[in-house]
Amino acid sequence: METMANTASAETDPMVPQLARVAAKRQDGPDVWTLDLCLEAGTWGGFQPGQFNMLSVFGVGEVPISFSGHPTDTTKIVHTIRAVGPVSRALTELPVDAYLGVRGPYGVGWPMQAAKGQDVLIVAGGLGLAPVRPVLYSLLAERGRYGSVALLYGTRSPKDILFLSELESWRSRFDMQVEVTVDHAGGDWHGRVGVVTKLINRVEFDPDDTVAMICGPEIMMRFAANRLREEGISGDRIFLSMERNMQCAIGLCGHCQMGPVFVCKDGPVFTHDFLRPLMAVKEL
């Protein structure tokens, strides 16, 4: 009886991960890998664009990682990870068929329903392209339900560009606009050079009918959001994804508290109207 009780508790405890297997992996940039995961239980209900999972390498630790795959694909769980610390590096070093722990999905995602019938402007910086890739999949799957779609993507150098083949495919479409820039490049780069905010004036949009979604380093998001407000988009129509120090993912530990909210539970997506005063506070 005790064994059965412990098993039932583990199945319902939100802090206990499910066992998953690395079904495939591919390198998408320097120190950036995308993992396709399959749950051992065989059941996966999908996610909302902008949500995240907690991934754990047994004996190393656990970190929050945003989804980067198609939201309605229940055959696999896709995460794109940059090796920046011991846990994320251990995740990228997992071989195919290795096992890891998965908890989730968690969080409040991008406003896909509110964006229907609106123009959608996506601004991504660096690895921030990964959390908005599910948005693009969703927009293109129901392309007729949205107005114009534009993706502005900036990264450090040409070698850091993520999902290059997909960017090229999206760029070739007639029903969306894709603009890419890099901070610096050599003579063999024939694209644009400069910060991503310089791409905003290349897009035509009606600020009263536009929903903007921004993901990337906080300083980039702050400048991009302010620039979009200058163009007339109101702060309640500008959404940013915050990735703070999330550890429990259910609002219990307090590590990701930002002002009155917990990023893991109340976000990670917030409006700029809400975030603007908080992002102006140093050390917050």
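Which backbone oxygen does the side chain of Thr210 reach? Keep that in mind as you open the structure, which is a predicted model.

**Stop 1: Thr210.** Select Thr210, which lies in strand β11, residues 210–215. Show its side chain together with the backbone of Asp206: the side chain of Thr210 reaches the backbone oxygen of Asp206 at 2.7 Å. Now switch on a surface. Thr210 has a relative accessible area of 1%, so it counts as buried, the cut-off being under 20%.

To see what surrounds Thr210, leave aside the neighbours within four places in sequence and add Gln118, Asp119, Leu121, Phe205, Ile233 and Arg237, which are in contact with Thr210.

**Stop 2: a patch on the surface.** Next, select Leu19, Phe58 and Tyr99. These three form a nonpolar patch on the surface, and together they have about 300 Å² of accessible area. Pause on Phe58, which you will find in the loop between β3 (52–57) and β4 (61–66). Is Phe58 buried, partly exposed or exposed? Its relative accessibility is 49%, so Phe58 counts as partly exposed.

**Stop 3: the strands β1, β3 and β6.** Switch to a cartoon view and colour β1 (residues 18–29) and β6 (residues 99–106). They pair in the antiparallel sense over four bridges. Zoom in on Leu19, the patch residue you have just selected: it stands opposite Gly101 in β6.

Now colour β3 as well. β3 and β6 run antiparallel and are joined by four bridges. Finish by selecting Ser56, whose bridge partner in β6 is Gly101. Keep Gly101 on display with Leu19, which it stands opposite, and with Ser56, its bridge partner.

Note on methods
Residues are numbered from 1 along each chain as its sequence is written. This is a predicted model: local features need pLDDT of at least 70, side-chain atom pairs count only at pLDDT 80 or more; totals for chains, interfaces and linings use all residues. Side-chain values use heavy atoms; hydrogens and water are left out. Helices (H or I, at least four residues) and strands (E, at least two) are DSSP runs, numbered from the N terminus. Buried means under 20% relative accessible area, exposed over 50%, partly exposed in between (1.4 Å probe, protein chains only). A polar contact is a pair of N or O atoms within 3.5 Å; within protein, one must be able to donate a hydrogen and the other to accept it, and residues adjacent in sequence count only if both atoms are side-chain atoms. Contact means heavy atoms within 4.5 Å. Patches are made of residues with over 30% relative accessible area and no salt bridge: like charges are joined within 9 Å, nonpolar side chains (Val, Leu, Ile, Met, Phe, Trp, Tyr) within 5 Å. Accessible areas come from the Shrake-Rupley method with a 1.4 Å probe; for residues, only the protein chains shown count as cover. A salt bridge is a side-chain nitrogen of Lys or Arg within 4 Å of a carboxyl oxygen of Asp or Glu. Two strands pair if DSSP finds at least two bridges between them.
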